[in-house]
Amino acid sequence: MTPFELLEPASLHEAIALLDPDDPTVRPIAGGTALMLMMKAGVFRPARLVSLRKLGDQFSRIAVGADGHLTIGAMTPLAMVERSAEVAKATPVIPRAMRRLSNIRVRNVATIGGNLAHGDPHMDLPPILIALGAEVAVIGPQKDGKTSERTIAVEDLFAGYYETVLAKNELIAALRIPPQGKSRAAYMKVTTGSAEDWPALGVAIALETEGSTVKSARAVVSAATEKATRLKATEKVLVGATIDDKTLVQTLARAGDAAADETDCISDVRGSAAYKRELIRVYVGRAVRQALQEPNGATH
């Protein structure tokens, strides 16, 4: 690795001031699990890294508000999210998915904010969070030297392959997940190697049913695409559909076909676009079935 400057600001305001919006060699670093690999491979050669490790406990807390919103500080390690009773109660799909997210060594260091800001389309959390309707609080500079906050839906955070809409001098401060009510969610991924390997496909589904009718649906795919992507045509197939023993197979088949038709897949070392499209056709139905088997409500 080439030499670089490492700075460790003690406040968010100071950290943002150290970031240069016009210099791509200046980057913030949280857990560093992905950034360090890029540096070792020579893909990224920083002039300056701004460490966020000393920003304080306020950015590594998990809390549930009076209205049921779940807030997770951006510097919260993934392992803490995995073990959190609050997260398990509010959104059980997240800790379930965490068990196959990389390995425990990575989860002990990697952070929620870094996971999202990296913009890697193979990550497991983005499709889940999009399905849950999550958003991020983003902090950036103002002209008067103070900081300002804006809110971005996770669905709108990703601009392309390893790209986000964040400015180079903006930082994710917190992740916010709305109350899930009676929604049921599932996440499934297909790996071509070991269980914790990079996926060829990730599928997240969140459903709310009323009796045997699907009242609302959010479907998201990742890894097979340049970024985590909502499947809106698939959602239209599911919403209003009757889910019972007689119609379930046909409904899942229609949903799988709609998902395969609307997804713009990419080819890479994990499979061709055609292969991934067939995976989507199968696994969207499987993920819907798994979501339907969950208890009717977030708590279980």
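Start by selecting Arg-27 and Phe-44: the charged end of Arg-27 sits over the ring of Phe-44, 4.2 Å from its centre. "Over a ring" here asks for CZ of Arg or NZ of Lys within 6 Å of the ring centre and within 35 degrees of the ring normal.

Before moving on, some ground rules. This is a predicted model, where local features need pLDDT of at least 70 and side-chain atom pairs count only at pLDDT 80 or more, while totals for chains, interfaces and linings use all residues. Residues are numbered from 1 along each chain as its sequence is written, and side-chain values use heavy atoms, with hydrogens and water left out.

**More rings**

Now pick Arg-286 and Tyr-283. Arg-286 lies over the face of Tyr-283, at 4.8 Å from the ring centre.

Next, go to Tyr-161 and Tyr-162. The structure holds 1 aromatic pair, and these two residues form it, edge-to-face, with 5.0 Å centre to centre and 85° between the planes. For the cut-offs, rings of Phe, Tyr and Trp (its six-membered ring) pair if their centres lie within 6.5 Å; planes under 30 degrees apart count as stacked, over 60 as edge-to-face and the rest as tilted. Colour by accessibility and Tyr-161 comes out partly exposed at 40% relative accessible area, with Tyr-162 also partly exposed at 36%. The scale is: buried under 20% relative accessible area, exposed over 50%, partly exposed in between (1.4 Å probe, protein chains only).

**Strand β10 and its neighbours**

Select residues 171–177, which is strand β10. Helices (H or I, at least four residues) and strands (E, at least two) are DSSP runs, numbered from the N terminus. How many of the 7 residues of β10 are buried? The count is 6, so call this strand mostly covered.

Add β5 (residues 70–73) to the selection: β5 and β10 pair in the antiparallel sense over 4 bridges. Strands count as paired if DSSP finds at least two bridges between them. To see the register, show Ile-72, which stands opposite Leu-175 in β10.

Then bring in β6 (residues 135–141), which runs antiparallel to β10 and is joined to β10 by 5 bridges. A handy marker here is Ala-137, whose bridge partner in β10 is Ala-174.

**Salt bridges**

Switch on the charged side chains. A salt bridge means a side-chain nitrogen of Lys or Arg within 4 Å of a carboxyl oxygen of Asp or Glu, and by this rule the count comes to 15.

Zoom to Arg-48 and Glu-5, which form one with their closest N and O atoms 3.4 Å apart. This pair links distant parts of the chain, with Arg-48 in strand β3 (residues 48–51) and Glu-5 in strand β1 (residues 5–7), 43 residues apart. Arg-48 is partly exposed at 24% relative accessibility, and Glu-5 is partly exposed at 38%.

Next stop: Lys-232 and Glu-155, whose side chains meet in a salt bridge (3.9 Å, N to O). Again the pair links distant parts of the chain: Lys-232 belongs to helix α10 (residues 232–238) and Glu-155 to helix α9 (residues 154–157), 77 residues apart. Lys-232 is partly exposed at 46%, as is Glu-155 at 24%.

Stay here and add Arg-230 and Glu-235. Their closest N and O atoms are 2.6 Å apart, making a salt bridge. Are these two buried or exposed? Arg-230 is buried at 18% relative accessible area, and Glu-235 is buried at 7%. Now select Glu-155, Arg-218, Arg-230, Lys-232 and Glu-235 together: salt bridges that share partners join them into one network.

**The four-stranded sheet**

Finish on an open sheet of 4 strands, with order β11-β12-β13-β14 and antiparallel pairing. The edge strands, each pairing on one side only, are β11 (184–191) and β14 (229–230). Between β12 (residues 199–210) and β13 (residues 213–222), look for 9 bridges in the antiparallel sense; one to show is Gly-202, whose partner in β13 is Ser-222.

Then display helix α12 (residues 273–293). Helix α12 packs on the sheet, touching β11, β12 and β13, and its direction makes about 35° with that of β12. Contact means heavy atoms within 4.5 Å; axes are lines fitted to C-alpha atoms, for helices over the stretch in contact, and angles run from 0 to 180 degrees between N-to-C directions.

For a last click, take Lys-189 in strand β11. Lys-189 is buried, at 8% relative accessible area. Draw a C-alpha to C-alpha distance from Lys-189 to Ala-204 and you get 8.7 Å, for residues 15 apart in sequence.
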